[in-house]
Amino acid sequence: MVIGGSHGKTTTTAMILHVLAHASIEADYMVGAQLEGFEVMVRLSETAKVMVIEGDEYLTSPIDRRPKFHVYQPNIAVITGIEWDHVNVFPTFDIYKDQFAQFINLIRPDGTLIYCADDAVVREVAEGNNRTDIEKLPYDVPEYEVVDGVTNLITADGLRTPLRVFGRHNLLNLTAARLVCRTLGVTDKMFDEAISTFGGASKRLELVKKGDHCAVYKDFAHAPSKLRATINAMREQYPDRRLVACMELHTFSSLTQDFLKQYSHTMAEADVRMVYYSKHALQLKKLPDLDPDQVREAFGDNVEVFTDSNAMVAKLKDMQWLDANLLMMSSGNFDGIDFNQLADELITD
C-alpha cells in the first residue's frame, strides 16, 4: 500500500505500522521519520506479505522526473491531503493536483482508494475519477472529546479510548489508518487497543518537555495548512494556556516570494507569533533576498520576524511561561537551536 499526500502521510504510515505490529502482522515498510519501536526507517524482507510505503510526491531522481509515488502500483492507496508544495517542481497548483489524479490511475484493478473527504481538493480529485474497478472509501474526523488535556476517541459502541496524540489532523490520520488496517483484517477493537499506545512519529507534534504549567512541542510543520492544523491542535488541547508559536521558513517553497502569500493568517490562532528565516539559506538556495516587511505583510496578524535565531531565543527566554506553551515549527532546526536545552530553561516547575 502507498500513503500519499502533502501532509499527514508520515503519521498515517506510522499509525498503520504501529497497529500491524500490535496485531502481529509482519510488514515491510518505507517511512520518512524515525518511529518508536522500529530500529530502521526501511525494511525489506522475503517473508512479509504486506509493505507500507510513505509515498513522496517529489521527484524520483534528477533524470527520472516522475513523482516518487508514481513509481509504485499499490493495491491500497491513501490520499491524506492535497496542498500545493514543491513549487520549484510543480509551478502551478493545477499541475500539482494532477499528480494525485495520475496516482489514482496507478492503483491496481480491484484495489482500494482511501481518501480524506474533509479535504475539498482530495474529494474533488477522488470523486472526479471514473474508475469503476477500484473501491473508494472516504473518511472524515471521528467522534472525539478533549477532557483535562487528553483527547479521547469515542468508539462506535460509545466507549472512550484515551489517545497519546491529539489534534483534528491526527484524528483524520487515525481514521485513514483504521480503514487501511480494517482492509487488512484488523478488527476495530484491536485497532483501538493498539492506537491508544501510539505516541506519534518523530518531530510530528512531538513533546519536548512538559511541566505543571508549561509544555514545549516541536513539529515538522512548514506548509501553510500544516501550520494552521498544528496551531489549532495546540489551541484545542490547551484552551486555557497562552500559545507562543514560532515558525521557520526553511524549504524552497516557503522562501519563494510568490509563495509567501499562501501563509496569510495561518498563525492567527496563536497568541504570540514569530517567524524566522536565514539569509544564508536564501543564498544557498539561490533565491532573491527577502525583506522582513515582506514576510510580515504576507503572514499578517502582527507576526514578529527574525533573521537571527539567537535574537528569537533571547526573546523567548525573556517571556513569562506560567500557563503558556511553546510550539516550534520547522523542517529544519532554526539554525541549530537545541530544543531540549531551550525547554529546560523555560520550564522550571
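**Exercise 1. Aromatic pairs**

Determine how many aromatic pairs this predicted model contains, and describe the pair formed by phenylalanine 69 and phenylalanine 103.

*Solution.* Step 1. The count comes to 13 aromatic pairs. Step 2. For phenylalanine 69 and phenylalanine 103, the ring centres are 4.7 Å apart and the planes make an angle of 10°. Step 3. Planes under 30 degrees apart count as stacked, and this pair is accordingly classed as stacked. Step 4. Phenylalanine 69 belongs to the loop between strand 4 (50-55) and strand 5 (76-79), while phenylalanine 103 belongs to helix 2 (residues 93-104), so the pair ties together parts that are 34 residues apart in sequence. Step 5. Phenylalanine 69 and phenylalanine 103 are both buried. Step 6. Phe69 and Phe103 also belong to a cluster linked by ring pairs, together with Phe90, Tyr96 and Phe100.

**Exercise 2. A pair between a loop and a helix**

State how the rings of tyrosine 263 and phenylalanine 299 are arranged, and locate the two residues in the chain.

*Solution.* Step 1. The centre-to-centre distance is 5.0 Å and the angle between the planes is 20°, which is a stacked arrangement. Step 2. Tyrosine 263 is found in the loop between strand 13 (242-249) and strand 14 (272-277), and phenylalanine 299 in helix 8 (residues 292-299). Step 3. The pair thereby links distant parts of the chain, 36 residues apart. Step 4. Tyrosine 263 and phenylalanine 299 are both buried.

**Exercise 3. The cavity and one of its lining residues**

Describe the largest cavity, and identify the residue that lies over the face of phenylalanine 220.

*Solution.* Step 1. There is 1 cavity of 30 Å³ or more, and the largest cavity holds about 60 Å³ of space. Step 2. Its lining includes Lys203, Asp219, Phe220 and Met328. Step 3. Strand 12 (214-219) and strand 16 (324-329) each contribute at least two lining residues. Step 4. By class, the lining comprises 5 nonpolar, 2 polar and 3 charged residues. Step 5. Arginine 204 lies over the face of phenylalanine 220, 4.3 Å from the ring centre.

**Exercise 4. Two pockets**

Characterise the largest and the second largest pocket by volume and lining.

*Solution.* Step 1. The largest pocket encloses about 1,100 Å³. Step 2. Of its 47 lining residues, Ser6, His7, Gly8, Ser225 and Lys226 lie nearest the centre. Step 3. Helix 6 gives the most to this lining, with 7 residues. Step 4. The second largest pocket has a volume of about 410 Å³. Step 5. It is lined by 20 residues, with Arg164, Gly199, Leu205, Leu207 and Tyr217 closest to its centre. Step 6. Strand 11 (residues 206-210) gives the most to the lining of the second largest pocket, with 3 residues.

Definitions and conventions: Residues numbered from 1 in each chain as written. Predicted model: local features only at pLDDT ≥ 70, side-chain atom pairs only at ≥ 80, totals over all residues. Heavy atoms only, no water. 1 Å grid on protein atoms, 1.4 Å probe; cavity = no way out; pocket = protein on both sides within 12 Å on 5 of 7 lines; lining within 4 Å. Points joined across faces, edges and corners; volume = space filled by probe spheres on them. Helix = DSSP H or I, 4+ residues; strand = E, 2+ residues; numbered from the N terminus. Nonpolar A, V, L, I, M, F, W, Y, C, P; charged D, E, K, R; others polar. Phe/Tyr/Trp six-rings, centres within 6.5 Å; stacked < 30°, edge-to-face > 60°. Buried < 20%, exposed > 50% of the residue type's maximum accessible area, 1.4 Å probe, protein only. Lys NZ or Arg CZ within 6 Å of the ring centre and 35° of its normal.
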